Amino acid sequence: MLSYLRHASRGIAPTVLVLTSLAAQHDGGAVDFNRDVRPLLSDRCFKCHGFDEAARKAGLRLDVREGQLAAIRGRRPVVPGDPDASELIARIESPDPKRRMPPPSSGLSLDPSEKALLRRWIEQGAPDPSEPRDRSRDHLTSIEGGHDRDDEVRLAFERGMESAGFSRAELEAARRMWRDFTARRAVRTHKPAVLAAAVEYAVALVHKRQGSTQATIARRYGVNPNSLSQRYSELREVLDLRPSDPRYCSAR
Ligand code: HEC
């Protein structure tokens, strides 16, 4: 709570900006979609996987979010938070020239640091701020106290839970849980991803879902597991959550 208050104070905003941009320059720092990722995809992939339907190969469209996420023969190009499950990564890192993307015959290629960047982008949840209303990575907007943060959290967990294979009932439970929580407590956050991960974790526990651990969920959302615990405890406390809670399990 204390650290949250510190971040929420306006005086600290310039410091946060400096730290954020410094971090981005180092390996492991936050990847900026518009600055780093989109130009790369556009330059090396869109020729065959872009807007032009006539030139499109394998029915794969990487210039829009739905295309990045939609499975082709059971494999998704991008699985947010999980590069090893992402066909895009398998293809760009493939040692087999017949599978590698971009195809060597196109004369296009990616160097190791560009491949690493795409991997890191997916690791960090593959954020794409060109999506409507997804400003989850725009720390400053959030700190300044914009609106729609509620929606950002909802969109983030819906997307995350969908890609993790949660059922419709579980997703609906998450929406209900989030609605109940925000109705009881004014939510202020500069990191929607942390709250979104906490909601998914809460649903996983209430539904006793196997294999959804705090660490794996935190990793998929690209957040620190410790920050997740704090938010999860708040949810649990406000809603008095228990396993098999009928409010959030009855939709099954
Ligand atoms: C010159 C054209 C061309 C370019 C450029 C290109 N691809 Fe491809 N891509 C293809 C073709 C053709 C296929 C289908 C044949 C195959 O599966 O290997 C394909 C298939 C794929 C698939 C597999 C789709 C499936 O069936 O699951 C992925 C993923 C992919 N490309 C990603 C990329 C990425 C990422 C880039 C940029 C880094 C890229 N491609 C650049 C032509 C291209």
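## The principal nonpolar core

The largest nonpolar core of this predicted model comprises 31 residues. Within this core, the residues with the most contacts are Met177, Ala196, Ala197, Ala198, Val199, Ala202 and Val203. Five helices each supply at least two residues of this core: helix 9 (149-163), helix 10 (168-184), helix 11 (192-206), helix 12 (214-220) and helix 13 (225-239). Helix 11 provides the largest share, namely twelve residues.

Val203 illustrates the contacts in detail. Leaving aside residues up to four places away in sequence, Val203 touches Glu170, Ala173, Ala174, Met177 and Tyr248. A further core, of twelve residues, lies apart from the largest one and includes Val37, Leu88, Trp121 and Ile122.

## Packing of helix 10 against helix 13

Two packed helices are described by the angle between their axes and the distance between the axes. For helix 10 and helix 13, the angle is about 80° and the axes are 10 Å apart. Angles of 65 to 115 degrees count as roughly perpendicular, and helix 10 is therefore roughly perpendicular to helix 13.

On the side of helix 10, the contact is made by Met177, Asp180, Phe181 and Arg184. Helix 13 contributes Leu235, Val238 and Leu239. Classified by residue type, this contact of helix 10 with helix 13 has five nonpolar residues, two charged residues and no polar residues. Met177, which takes part in this contact, is also among the residues with the most contacts inside the largest core.

## The shell around the ligand

The ligand has 23 residues around it, of which Cys45, Cys48, Lys57, Met101 and Ser106 come nearest. By class, the shell contains 13 nonpolar, eight charged and two polar residues.

Helix 4 (46-49) and helix 6 (87-92) each supply at least two residues of the shell around the ligand. Helix 6 gives the most, with four residues. Leu88, which falls in the range of helix 6 (87-92), is one of the residues of the separate twelve-residue core.

## Overall architecture

The protein contains 14 helices and zero strands. From the N terminus on, its elements run α-α-α-α-α-α-α-α-α-α-α-α-α-α.

Of the 252 residues in the protein, 31% are buried. Among contacts with a separation of 6 or more, 60% are between residues 24 or more positions apart.

How values were computed:
Residues numbered from 1 in each chain as written. Predicted model: local features only at pLDDT ≥ 70, side-chain atom pairs only at ≥ 80, totals over all residues. Near = placed C-beta within 6 Å. Nonpolar A, V, L, I, M, F, W, Y, C, P; charged D, E, K, R; others polar. Core = buried A, V, L, I, M, F, W, Y, C linked by C-beta atoms within 7 Å. Buried ≥ 20, exposed ≤ 12 C-beta atoms within 10 Å, placed from the backbone. Contact = placed C-beta atoms within 7 Å. Axes fitted to C-alpha atoms, helices over the stretch in contact; angles between N-to-C directions. Parallel < 35°, antiparallel > 145°, perpendicular 65-115°, else oblique.
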